[in-house]
Amino acid sequence: EYERVHLARRAARLRGLIEQWAPLAWTEGHTVHMSFIGYTEGLSDARAERFFRPGARLCRLDFDQGSSVGRVSRLLDDPRGMLRDVDVSFDRQRLAFAWKRSDRLDDYHIYEWSLAGQVPKQLTFGLGRADYEPAYLPDGDLVFVSTRPEQSVPCWWTEISNLYRMDANGNYVRRLAVDQVHTLYPALGSDGRLTYTRWDYSDRGQNYPHPVFSMRPDGQDQRVYYG
């Protein structure tokens with residue numbers, strides 16, 4: 001009787017989530033250590049704070065009709081590289097993620113996995129730069145975080161990352177903002193705006209100023225999200 005009640009409660013709690021968001025996807029691997037406060041590039045040629053622990057997988061969780069118990073399938077298994085930051089497209093047919101396939105011979109780049117084709121497609125390239133944290137936009141473009149600015153934080157030799165945007169094939173890459181230090185963790189809100197964290201390290205201490213900002217997906221109308 002307990003098991004029956006438990007499964008019924010589980011189904012009721014998860015029904016809306018499954019209907020709106022399934023299938024679910026994620027990456028498995030070792031803990032991604034932060035260099036200092038919030039940045040996690042781990043560049044192969046980073047000047048100081050590097051980390052690389054190989055062994056990662058890209059996984060998917062599917063639910064049969066009317067079931068609240070998922071089935072896990074392993075889509076990609078890389079014992080020599082690192083995977084992170086998976087996002088599901090609006091049509092639920094593609095997964096965008098960051099993949100670093102080698103310690104010294106590669107950096108994080110944006111890839112896309114087609115659930116129909118079962119083949120990863122590389123969207124960004126270039127040794128010496130890290131592209132990560134991709135997020136799909138409703139028009140098919142992607143926003144991502146990158147060390148392409150080739151700037152350092154004011155008090156150390158750590159590379160900074162800013163927000164960029166590109167089309168579905170990795171073309172027309174353009175920078176959405178010119179910030180002194182890191183802009184990270186882009187997420188699309190229900191109102192169509194992007195939220196992100198900005199390391200507001202200008203004429204103040206470095207440890208705590210990480211407010212949440214928002215902008216239009218084209219980079220316009222940047223403002224603090226609250227406070």
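Author: A charge sits over a ring if NZ of Lys or CZ of Arg is within 6 Å of the ring centre and within 35 degrees of the ring normal. The model discussed here is predicted: local features need pLDDT of at least 70, side-chain atom pairs count only at pLDDT 80 or more, and totals for chains, interfaces and linings use all residues. Residues are numbered from 1 along each chain as its sequence is written, while side-chain values use heavy atoms, with hydrogens and water left out.

Reader: Over the ring of which residue does the charged end of Arg-101 sit?

Author: A similar arrangement has Arg-84 over the face of Tyr-108, at 5.2 Å from the ring centre. For Arg-101, the charged end is 4.1 Å from the centre of a ring, and that ring belongs to Trp-99.

Reader: Which strands stand at the edges of the open sheet?

Author: Strands (E, at least two residues) are DSSP runs, numbered from the N terminus, and two of them pair if DSSP finds at least two bridges between them. The open sheet has the order S4-S5-S6-S7, with antiparallel pairing. Each edge strand has a single partner, so one side of each is left without a neighbour in the sheet; these strands are S4 (82-88) and S7 (120-122).

Reader: Which residue in S5 stands opposite Met-82?

Author: S4 and S5 (residues 94-100) pair in the antiparallel sense over 5 bridges. Within S5, the residue opposite Met-82 is Lys-100.

Reader: How many of the 8 residues of strand S2 are buried?

Author: Buried means under 20% relative accessible area, with a 1.4 Å probe and protein chains only. Strand S2 (residues 56-63) is joined to S1 (residues 24-29) by 6 bridges and to S3 (residues 70-78) by 8 bridges, running antiparallel in both cases. S2 is largely enclosed by the rest of the structure, because its buried residues number 7 of the 8.

Reader: How many residues apart in sequence are the parts tied together by Phe-97 and Tyr-111?

Author: Rings of Phe, Tyr and Trp (its six-membered ring) pair if their centres lie within 6.5 Å; planes under 30 degrees apart count as stacked, over 60 as edge-to-face and the rest as tilted. A search of the whole structure finds 6 aromatic pairs, among them Phe-97 and Tyr-111, stacked at 6.0 Å centre to centre with 15° between the planes. Phe-97 is buried at 0%, as is Tyr-111 at 3%. Phe-97 lies in S5 and Tyr-111 in S6 (residues 109-114), so the parts that the pair ties together have a sequence separation of 14 residues.

Key:
Helix = DSSP H or I, 4+ residues; strand = E, 2+ residues; numbered from the N terminus. Buried < 20%, exposed > 50% of the residue type's maximum accessible area, 1.4 Å probe, protein only.
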